[in-house]
Amino acid sequence: MRILLIEDEKRLSHYVKKGLTESGFAVDTAYDGEDGLYLAKEETYDAIILDVMLPKLSGVEVCKQLRATSKNTPVIMLTARGETEDKISGLESGADDYLTKPFVFAELKARINALIRRNYHQTSNNLSISDLEVDPLKHTVKRSKILIKLTPKEFAILELLLRRKDEVVTRTQVIEHVWDYNFDSMSNVVDVFMGTLRKKIDRSHKIKLIHTLHGVGYMISDKPPKV
Ligand code: CA
């Protein structure tokens, strides 16, 4: 899943980005409201972490202007302790949730997961198909109850496929949701990751779950796709 982090405090931004990246998220960063709004409008994100106090354009203003477009990317706002006004104006501007600084990283991650889940219309934190179970919070993957070790990128691809199970996910969508802004979309790295992911998930199992639809994209399904 791909996150935009709009936060001007460099140390906090670095800390959050590092934590999210280690959890398999692709993260783009902006350090002021204008840059943040530009990226939020132009790129595709699964969630936006938005600080309220920002140079050039406040978080509240960024959210208002974003909501004035057709983008309804989930937004979690970071507010200062005790600033009830910030929370109210943040939610009024169209933010979906807020978190008061200072916060524990695990809480931010749990809130982001909840927002993403809601956005993909999922009710449970557990993503599963057939005998494959994925827990985005604990970052575990099991097939037939046996733990499978995935790299953060493999995990991110699998999570995206599962959030859209039985639907085709195009190569471009994989890139948009799993890699950050600096990704070279001409490279064949997606195919390489799909290959290793498929081996780890399907190789020793009779029922194949990950399917390639040539020229179209990928799908996770326990039924072979009809194309
Ligand atoms: Ca700030």
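Buried, in this report, means under 20% relative accessible area, exposed means over 50%, and partly exposed is what lies in between (1.4 Å probe, protein chains only). By that yardstick D51 is buried, with a relative accessible area of 3%.

A quick word on the model. It is predicted, so local features need pLDDT of at least 70 and side-chain atom pairs count only at pLDDT 80 or more, while totals for chains, interfaces and linings use all residues. Residues are numbered from 1 along each chain as its sequence is written, and side-chain values use heavy atoms, with hydrogens and water left out.

**The calcium site**

D51 is one of the residues that coordinate the calcium ion: D8 and D51 each give an OD atom and M53 gives its O, at 2.1 to 2.3 Å. Donors here are N, O and S atoms within 2.8 Å of the metal (3.2 Å for Na, K and Ca), and since water is not among the atoms, sites may look incomplete. Along the sequence, the donor residues follow the spacing D-x42-D-x1-M. Is M53 buried or exposed? At 63% relative accessibility, M53 counts as exposed, whereas D51 is buried at 3%.

**Salt bridges**

A salt bridge is a side-chain nitrogen of Lys or Arg within 4 Å of a carboxyl oxygen of Asp or Glu. The count by this rule is 16 salt bridges. Here are some of them:

| Pair | Closest N to O distance |
|---|---|
| R143 and D131 | 2.8 Å |
| E154 and K200 | 2.7 Å |
| K223 and D222 | 3.3 Å |

Start with R143 and D131, which form a salt bridge at 2.8 Å. This pair links distant parts of the chain, 12 residues apart: R143 sits in strand 8 (residues 140-143), and D131 in the loop between strand 6 (127-129) and strand 7 (132-135). Helices (H or I, at least four residues) and strands (E, at least two) are DSSP runs, numbered from the N terminus. R143 is buried at 2% relative accessible area, while D131 is partly exposed at 25%.

Next come E154 and K200, whose side chains meet at 2.7 Å, N to O. They also link distant parts of the chain, with E154 in helix 6 (residues 152-163) and K200 in helix 8 (residues 189-202), 46 residues apart. E154 counts as buried at 4% relative accessibility, and K200 is partly exposed at 33%.

As for K223 and D222, their closest N and O atoms are 3.3 Å apart, and D222 is partly exposed, with a relative accessible area of 36%. Elsewhere, salt bridges that share partners join E7, E9, D51 and K101 into one network. D51 thus turns up again, having already appeared as a calcium donor.
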